[in-house]
Amino acid sequence: MRSPLPIEATGLTKRYGALAAVDAIDFRVARGECVGFLGPNGAGKTTTVRMVTCFTPISGGMVRVFGYDVTRHPREIKARLGVCPQEDNLDPDFSVRRNLLVYARYFGIPSAQARARTDRLLEMMQLTEKADSPIEALSGGMKRRLVIARALLNEPELLVLDEPTTGLDPQARHMIWQRIRQLRAAGTTILLTTHYMEEASQLCNRVILMDEARILLEGTPDALIAEEIGREVVELWDIPEEVRRFVQASGWITEQGEERLFVYDRTGGEVGVRIGRRFPHQSRLIRNATLEDVFLHRAGRSLRE
Amino acid sequence: MQWQQVFANVSPSAWRVWQRDLDVFLTTWKTNFLPPLLEPVLYVLAFGVGMGSLIGLVVYQGEELPYLRFMIPGVICVAIMFWAYFETTYSSFVRMYYQRTFDAIIATPLLVEDVIAGEWLWGGTKAVLTATIMLGMMGLFGLVSWPSALLVVPLAVVGGLLFSALGLICTALVPKIDSFNVPAFLLIFPMFLFSGTFFPIDILPRWAMGFALTLPLTHVSYLVRGACLGRTPPFWLANVAYLLGATLLTAALALILMRRRLIK
Ligand SMILES: Nc1ncnc2c1ncn2[C@@H]1O[C@H](COP(=O)(O)OP(=O)(O)O)[C@@H](O)[C@H]1O
Ligand SMILES: [Mg+2]
């Protein structure tokens, strides 16, 4: 018999009154994958994560974690999960080390083993020197690392990270990325959410783009970029009418942003070169297409609140 | 969810939550043990030497007592109520809302119901710890009768769990931390004064005495005072029945209401 998938959701829905925070989404996460939920604030990423991790009851559809139904077997599921919530919730009443030791008890980890794991995780997250510090003495990045260390105490088969690096400085972010890559390499299945496309490209072998409670697209970052955008994006601004007509006549896929016109280049090189030759003084920027373009292309470039 | 399921969801893991609260308490044990040690001394000074000399003797259930000896069991009763109630109101609210401690715990195999039960047990424990220390101090002053005074400990268990549950009910219902002023003013403060803690309720007008008899602390104080004075309260069985019933009822209500607040 095949071992059950880490996550299998069908028609998964969460309603808060009239508002559907998550609207009938289907997705799966296979063993060893690192899947990223991408989307702007309010897309429904956290709500999805909270349903998968048995925090919040589902309003419709179904989600199974390791084959267990979230409504019926939350204890069994949570024993095998590591959860890093969007907001840090370390215990300010305890030191760094005791945060982990006390947390290990909730999993029923025997104390000798808990101490060994705590030391190892503090080492891994470079927090050994802070072991006896109070939580308020930690920087944002250290707190985040400690939350991740805490999520690893039960040696989870599935690690769920809700915006693991939001609000951190670049060094702190790269340090966390490094650790996530190590965990991935060691075979841990990971589900993470982020609104940094860069983060998703760096870490995930598959991304799910979410917007307004629904899934827009999913696939590997490279495939999505290639399919949706191509290889390059040429950004144009201060555009005279003749340039606009030229671009339109060339049949390229374009999108009008607030100030800039984005021209997508399937093959790479062609658009930029042709515009450059014809209109050498045209203000332009030629760059590689990114996941961000995919998202903005699909969800629209204008600001929504 | 069916309410039976809510009760079935409480597991022995609730003790892990209790243990967490105990650990925090023990890390700051010096400040925690001081109030119950000092409070009786202050009461002895204020009411024994100070006010007691004005009041003289009190007639309680047909027996004349020095006011201090009458009042001291009332101090224990108030402590049972305050230490349990304030633990599961302000302190639990801080853990639930500001520290997100409950959120952190329910990411483990524990369920919300375990967390609520753990907090409830801890509130009761705090009352028992305090009452026991106070009782010891009062023993040193020769103000209670042994061995009957030992009954104060099981009474503190029941009373503590009752007021702990009452606190959790308030925590489940208040919109923000300042709102605790309302139940404190309408419920806890009147109970503090009118439950036979500082004067026998039979000197009250009939209607007021009737009201006092509906208050849980009144029943605690009949029983605790009986234990401290070494006499059996005339309606002790009714007092015990009231307390056990009220404890079960409030605990069930606390579990249901807190769960409703925590799960969205
Ligand atoms: N407890 C709640 N009550 C009411 N609405 C909520 C609640 N939690 C989330 N929402 C709403 O659900 C939508 C999705 O939120 P969320 O899942 O937090 O998005 P994301 O994590 O992608 O930023 C938002 O519109 C948010 O306001
Ligand atoms: Mg979120």
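Helices here are DSSP runs of H or I, at least four residues long, numbered from the N terminus. With that in hand, take α1 of chain A. This helix gives the shell around ligand 1 its largest share, three residues. One caution before I go on: the model is predicted.

Let me stay with the ligand. Which residues surround ligand 1? On one side of the list we have A:Y16, A:L19 and A:A21. Then comes a run: A:P40, A:N41, A:G42, A:A43, A:G44, A:K45, A:T46 and A:T47. Two elements of chain A, β2 (19-29) and α1 (45-52), each put at least two residues into this shell.

Now the polar atoms. A:G42 places a backbone N or O atom 2.7 Å from an oxygen atom of ligand 1. A:A43 also works through its backbone: a polar atom there is 3.2 Å from an oxygen atom of the ligand. A:T46 uses its side chain instead, with a polar atom 2.6 Å from a ligand oxygen. How much of ligand 1 does the protein cover? On its own, the ligand has 560 Å² of accessible area, and the protein covers 63% of that.

Step back to chain A as a whole. It has eleven helices and 14 strands. Along the principal axes, its C-alpha atoms fill a box of roughly 75 × 45 × 40 Å. There are 305 residues, and 52% of them count as buried. Take the contacts between residues at least 6 apart in sequence: 69% of these join residues at least 24 apart. The chain exposes about 13,900 Å², and carbon and sulfur atoms supply 48% of that area.

The domain assignment splits chain A in two. Domain 1 is 7-225, and domain 2 is 230-288. Their C-alpha centres are 40 Å apart.

Next, the nonpolar interior. The largest core has 166 residues. Which residues have the most contacts inside it? They are A:F27, B:M71 and B:F163, so both chains appear in that list. Helix α4 of chain B, residues 67-98, gives the most to this core, with 17 residues. On the chain A side, the core draws at least three residues from each of domain 1 and domain 2. There is also a second, separate core of twelve residues. Among its members are A:I239, A:V247, A:V271 and A:F279.

Look more closely at B:F163. Set aside neighbours within four places in sequence. What does B:F163 contact? One group is B:I80, B:M81, B:A84, B:Y85 and B:T88. The others are B:M191, B:P216, B:L217 and B:V220.

Now two places where the chains meet through side chains. Start with A:D91. This residue sits in the loop between β6 (81-84) and α3 (96-106) of chain A. Is A:D91 buried or exposed? Its relative accessibility is 9%, so A:D91 counts as buried. Beyond four places in sequence, A:D91 touches A:N99 and A:I135 in chain A, and B:R20, B:Q99 and B:T101 in chain B. With B:R20 there is a polar contact, side chain to side chain, at 2.6 Å. One more distance: the C-alpha atoms of A:D91 and A:E136 are separated by 9.9 Å, and the two residues are 45 apart along the chain.

The second place is B:S11. We find B:S11 in the loop between α1 (3-8) and α2 (14-27) of chain B. Its relative accessible area is 16%, under the 20% cut-off, so B:S11 is buried. What lies across the polar contact from the B:S11 side chain? The side chain of A:R75, at 3.4 Å. Leaving out neighbours within four places, B:S11 is in contact with A:R75 and B:D114.

Last stop, B:P66, in strand β2 of chain B, residues 63-66. At 41% relative accessible area, B:P66 is partly exposed. Not counting residues up to four places away, B:P66 touches B:G56 and B:L57. B:W236 is 170 residues from B:P66 in sequence, and their C-alpha atoms are 23 Å apart.

To recap the ligand site: α1 of chain A gives three residues, the largest share of the shell, and the protein covers 63% of the ligand's own accessible area.

Terms used
Residues are numbered from 1 along each chain as its sequence is written. Chains are lettered from A and ligands numbered from 1 in the order in which they are written. This is a predicted model: local features need pLDDT of at least 70, side-chain atom pairs count only at pLDDT 80 or more; totals for chains, interfaces and linings use all residues. Side-chain values use heavy atoms; hydrogens and water are left out. A nonpolar core is a set of buried Ala, Val, Leu, Ile, Met, Phe, Trp, Tyr and Cys residues joined through side-chain atoms within 4.5 Å. Buried means under 20% relative accessible area, exposed over 50%, partly exposed in between (1.4 Å probe, protein chains only). Domain bounds come from an automatic or database domain assignment. Contact means heavy atoms within 4.5 Å. A polar contact is a pair of N or O atoms within 3.5 Å; within protein, one must be able to donate a hydrogen and the other to accept it, and residues adjacent in sequence count only if both atoms are side-chain atoms. A residue is near a molecule or strand if one of its heavy atoms lies within 4 Å of it. Accessible areas come from the Shrake-Rupley method with a 1.4 Å probe; for residues, only the protein chains shown count as cover.
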